[in-house]
2 protein chains.
Amino acid sequence: MSEYKAPIRDMQFVLNELAGLPDIAKLPGCEEATAELVDQVLEEAAKFASGVLSPLNKPADEEGSKWNSGAVTTPRGFKDAYKQFIEGGWNGLQLPPEYGGQGLPRIVSTPVVEMWKSANLSFSLCPMLTTGAVEALLLRGSEPLKATYLKKMVAGTWAGTMNLTEPQAGSDLALVKTRAVHQADGSYRLHGQKIFITYGEHDLSENIIHMVLARTPDAPEGVRGISLFVVPKFIVNKDGSLGPRNDLKCASIEHKLGIHASPTAVMIYGEKGGAVGYLVGEENRGLEYMFIMMNAARFAVGLEGLSISERAYQQALSYAKERIQSRDLSGGGKAVPIIRHPDVRRMLMSMKSQTEAMRTLAYVVAGAMDRMRHHPDKEERARNQAFVDLMIPVVKGWSTETGVEVASTGIQVHGGMGFIEETGAAQHLRDARITTIYEGTTGIQANDLVGRKIAREGGATAKAVIKTMRALEAELGKGRGEDLDAIEASLSAGIGALSECVDWIVAIYETDVKAVHAGSVPFLRLFGIVAAGWQMARAALVAHRRLAEGRSEKSFYEAKIKTARFYADHVLAQAPALRNTIVRGAAGVMALAEEQF
Amino acid sequence: MSEYKAPIRDMQFVLNELAGLPDIAKLPGCEEATAELVDQVLEEAAKFASGVLSPLNKPADEEGSKWNSGAVTTPRGFKDAYKQFIEGGWNGLQLPPEYGGQGLPRIVSTPVVEMWKSANLSFSLCPMLTTGAVEALLLRGSEPLKATYLKKMVAGTWAGTMNLTEPQAGSDLALVKTRAVHQADGSYRLHGQKIFITYGEHDLSENIIHMVLARTPDAPEGVRGISLFVVPKFIVNKDGSLGPRNDLKCASIEHKLGIHASPTAVMIYGEKGGAVGYLVGEENRGLEYMFIMMNAARFAVGLEGLSISERAYQQALSYAKERIQSRDLSGGGKAVPIIRHPDVRRMLMSMKSQTEAMRTLAYVVAGAMDRMRHHPDKEERARNQAFVDLMIPVVKGWSTETGVEVASTGIQVHGGMGFIEETGAAQHLRDARITTIYEGTTGIQANDLVGRKIAREGGATAKAVIKTMRALEAELGKGRGEDLDAIEASLSAGIGALSECVDWIVAIYETDVKAVHAGSVPFLRLFGIVAAGWQMARAALVAHRRLAEGRSEKSFYEAKIKTARFYADHVLAQAPALRNTIVRGAAGVMALAEEQF
């Protein structure tokens, strides 16, 4: 099994030459993100990821988190790694300095988070959930709540969770039943059961701060009657010290396909009279607050698709270079490393190109997140906000679906050894398989994309993005050689397919919403493939220029062009077929009566 | 978790209306396969599959097979199920009556084997391996070997295995090192290690008969120096009773991603002086014999793709009908079963249509297997043999790759519950994941397809098959309504894509074999999609005729048309894009130097 090595050079390429780090570092509030500091952060993070987190990934998967009478023990090594993690200040990397964070822009924290998730996905979920809870409090928490919780949570001394799901309420949060009853002292008492709570109970932090969705007794039905509460594991005394245990417990943890080290808890609130909770913001607006946070959480899960792909690719590559089997097709009597065989090469290129494609798209969106917050120009902020809103479901849905595919290909490269757990390749598929489900399934992302993000605004942002893509297409088509010509042709067909589908969605959403939803997941895939193809084409163009300038790193830039070429022929090439499926395929989806299944 | 229910009506439809069971039952040697008998066999098999094998599937996965000091204990219930299985005569269903089998044609045994594999894949592997070993002995074993082993193996009292792989010799059997030394008494003594031996050791049968590839001391290097040996676990006395234990042992079993109940053994031969073995056929022709058997084994593994898809589909369907979540898009205030939501419907149709597509193709090939053996006309036999040879890698490679996809979609239909092992959906993905690897990876199938099966004969058989497809295309295009028009259009594009790729392969194989191999797996996928699309179009046409005739089962036949329509728009629609990838995509595959990865 190979240990993870952060692909720093690839990350720098995307940050600097595609995602606009140098410009972002000039924005007010982002000035700390100098090239020097960013390189230093990446190097330190890479050390921690490779040296501490990566070696724990496999043993922790084997051991798993263990439940015993309500307490959860994380696998050996996790406690110490978490201690080092928070001591290193990593927990607050992107969180505000006023609460002890580093305040670095998203474009810097994104590659760092990518590293944590590549090195040890299960571990990374604890700080990810804490960050989500911190962001909810930052956005809508009262000053006393912020004062009580934020410093400890930013430091990581206390961890956070998000409690949404209940047995009858998964994708459909309208069905949430957990009750919250107002008390004379301003607090609430909560009663109910939550499931699928990632790190709902564990031994890494001194306290766990649960963000819980619940209903007050006279709340309206449906999603407009849900409120958000802070429910700490240990009640916090006025002086900030930990008081008694709150009335909540972890009833069990799930036996899952993957992310074994990350405890997925069933939580019971209020068995002994009610768990003490504190309202965040206003009553009945909990879902709205959750949705504000959701962008960040969905983006982070999108990164998991990229991260697992990178890890699976590194492992498959290492095996393909070492494993000797069969002769080279071009002759020679001896068996050679399997990387010489075209089909193995195809699998590796498929893994490599899609991993790079996911990275370009994710980092470009991260850059837009910084611009939407920090750009001095209001219109620029709005433009970037619209782009981010549009792309979040794409990054989440497409990257995670692709991550599952890449992890599965990683097994295939190993042949029989890939099926043996000892090899470690299978873990990546097991771990990846949750990413298309949690924080909203691919279907939920796709509905968000076609409904809220496209149809609702008549496709305005999508059309603007397509216009930008067309500008690149025009730039590419200038006789820069066979590779760029092939990329241009494939991109052109892809943009055409995407554009037709956007028009189709806008045209029929009102009259035939089911037809749009019947093709929403294929459309999300088309959008991801084309948007990342656009970024890969940009990468190829940049590389072409660097080579023309006679820059060093010839081999590096040449590989960027060839990888984009592969992506164009093997991935982007699927776009026209997807267009046909989306526009024509609804009839077959809804044709059968339920009893015909 | 839903128990498996054999889709008998669907099976009968394919057997009778697509695969030609009524005609096959008229062939000499197949006369027993009357409609009445086949229905009876299917019903009895369905009972056994649902009542005995299916309920063991999940508990056996949880328990796994256990190794202890060389002995392997299969999960609770397996021993009893196996006893019932062989007592019911199921082990010899397709094996020759002269050794106690039922001698039924492949077209009858195929749906039965599909049932075993749907109900309990791990269990099904033991009789599958026995069948493989029996076929090797039937084909090339000496009369004394046949007399000693076959009756017991056909009955299932003794099981069989295939021992090919060694640590350094996986796909590349040229690297086999196990030695076999000739003895004065005509037997051999074997020394060596074999890995990945399915049911290499277990407690189901009284004896285990290993078919082992090994080299004699003066054998030529490479694949032309490999011989095939029978190596029994217990030496068989002259009177047929069991003698002493042979010098072989199971050193360990693997901890795998899936098929936990099926022991995958590391076998050590000859630690104490040499395992007694008996040569099958002639020295140095072992690989050739293995390849004769391989067609049957690869076909059987191809069925696994179909079988797991059927099981995963049934489970997802049952969940989708029960799970209440979110309102219907067309309005109404209450949450509805998720089968009403278009994206869930799309996933179910994708599972259903691809499962049915795999079944049409597999049964049609099974029918051709019977014709190639039993047809009185020599040319018909040859034509069917060529068709079978061409289609085996397609059935194996495409069905298993599709099976992995369908099993993964089954998880997705379950949302978060799909990731919890208790639900049972995840097991199907874990189990399916081996099928694209064992009995030759998809890459190996694809190389076989483009090289031995197409290029070597100038594409003759492939072109003949395409001609048959075109005849159907012409028949379809006669204004039979929107669904059949859409199917015709998609099939026409698919046939065109396939035809162009066959021409391209034939044209450049000699001059640029690497380019062909770079696209061989996408080509295999294209071939599978189009060939099954052809069969689905036949199914739609048959259904259209039945409806026009005013037959009963209107709903059944309508569903066949709609399902073919979905397949055409969502699966077959991918063909043109695959053609582009195959024909243009080689440049990107081989462009990077090894150090650029």
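Against which helices do the buried residues of H12(B) pack? In this predicted model, the partners come from both chains. Chain A contributes helix H11 (416–419). Chain B contributes helix H3 (35–63), helix H6 (121–140), helix H8 (286–322), helix H10 (378–413) and helix H11 (416–419). Helix H12 of chain B runs over residues 425–432 and is mostly covered. Eight of its eight residues are buried. The set includes nonpolar residues such as B:Ala425, B:Ala426, B:Leu429 and B:Ala432. B:Gln427, B:His428, B:Arg430 and B:Asp431 are also buried.

The overall form of chain A was examined next. Chain A holds 20 helices and 14 strands. Its radius of gyration is 24 Å, close to the 25 Å that the globule rule gives for 597 residues, so chain A is as compact as a globular protein of that length. The C-alpha trace spans about 80 × 60 × 55 Å along its principal axes. Of the 597 residues of chain A, 65% count as buried. Contacts in chain A often bridge long stretches of sequence: among those between residues at least 6 apart, 74% join residues at least 24 apart. The accessible surface of chain A comes to about 20400 Å². Carbon and sulfur atoms account for 51% of that surface. Chain A carries 67 positive and 69 negative charges. The mean positions of the two sets are 1 Å apart.

The largest nonpolar core has 386 residues. The members that touch the most others are A:Met115, A:Phe523, A:Phe527, B:Phe523 and B:Phe527. The surroundings of A:Phe527 were listed without its neighbours within four places in sequence. A:Phe527 is then in contact with A:Leu390, A:Met391, A:Val394, A:Leu449, A:Ile454, A:Ala462 and A:Leu498.

Three loop residues of chain A were considered individually. A:Asn120 sits in the loop between helix H5 (106–119) and helix H6 (121–140). With 0% relative accessibility, A:Asn120 counts as buried. Beyond four places in sequence, A:Asn120 is in contact with A:Leu53, A:Leu56, A:Asn57 and A:Phe78.

The other two loop residues concern backbone geometry. Most residues other than glycine have a negative phi. A:Ser69 has a positive phi, near 45°. A:Tyr199 also has a positive phi, near 55°. A:Ser69 lies in the loop between strand E1 (66–68) and strand E2 (71–73) of chain A. A:Tyr199 lies in the loop between strand E5 (188–198) and strand E6 (207–214) of chain A. Their surroundings contrast. A:Ser69 counts as exposed, because its relative accessibility is 66% and the cut-off is over 50%. A:Tyr199 counts as buried, because its relative accessibility is 0% and the cut-off is under 20%.

In chain B, helix H1 is mostly covered, with nine of its eleven residues buried. The buried residues are B:Ile8, B:Asp10, B:Met11, B:Gln12, B:Phe13, B:Val14, B:Leu15, B:Glu17 and B:Leu18. They pack against helix H2 (21–24), H3, helix H5 (106–119), helix H9 (342–374), helix H17 (520–548) and helix H18 (554–570) of chain B. H1(B) is followed by B:Gly20, with a positive phi near 80°.

B:Val14 belongs to this helix, which covers residues 8–18. B:Val14 counts as buried at 4% relative accessibility. B:Val14 and B:Val364 are 350 residues apart in sequence, yet their C-alpha atoms are 8.1 Å apart in space. With neighbours within four places in sequence set aside, B:Val14 is in contact with B:Ala19, B:Arg359, B:Thr360 and B:Tyr363.

A further loop residue of chain B is B:Glu283. B:Glu283 lies between strand E12 (275–280) and H8. Its relative accessibility of 30% makes B:Glu283 partly exposed. B:Glu283 and B:Ser227 are 56 residues apart in sequence and 5.1 Å apart in space, C-alpha to C-alpha. B:Glu283 touches B:Ser227, along with B:Tyr188 and B:Thr216, when residues up to four places away in sequence are not counted.

Conventions. Residues numbered from 1 in each chain as written. Chains lettered and ligands numbered in written order. Predicted model: local features only at pLDDT ≥ 70, side-chain atom pairs only at ≥ 80, totals over all residues. Heavy atoms only, no water. Core = buried A, V, L, I, M, F, W, Y, C linked by side-chain atoms within 4.5 Å. Buried < 20%, exposed > 50% of the residue type's maximum accessible area, 1.4 Å probe, protein only. Contact = heavy atoms within 4.5 Å. Helix = DSSP H or I, 4+ residues; strand = E, 2+ residues; numbered from the N terminus. Rg over C-alpha atoms; globule rule 2.2 N^0.38 Å. Areas by Shrake-Rupley, 256 points an atom, 1.4 Å probe, with all protein chains shown as cover. Lys, Arg positive; Asp, Glu negative; His and termini not counted. Charge placed at Lys NZ, Arg CZ, Asp CG, Glu CD.
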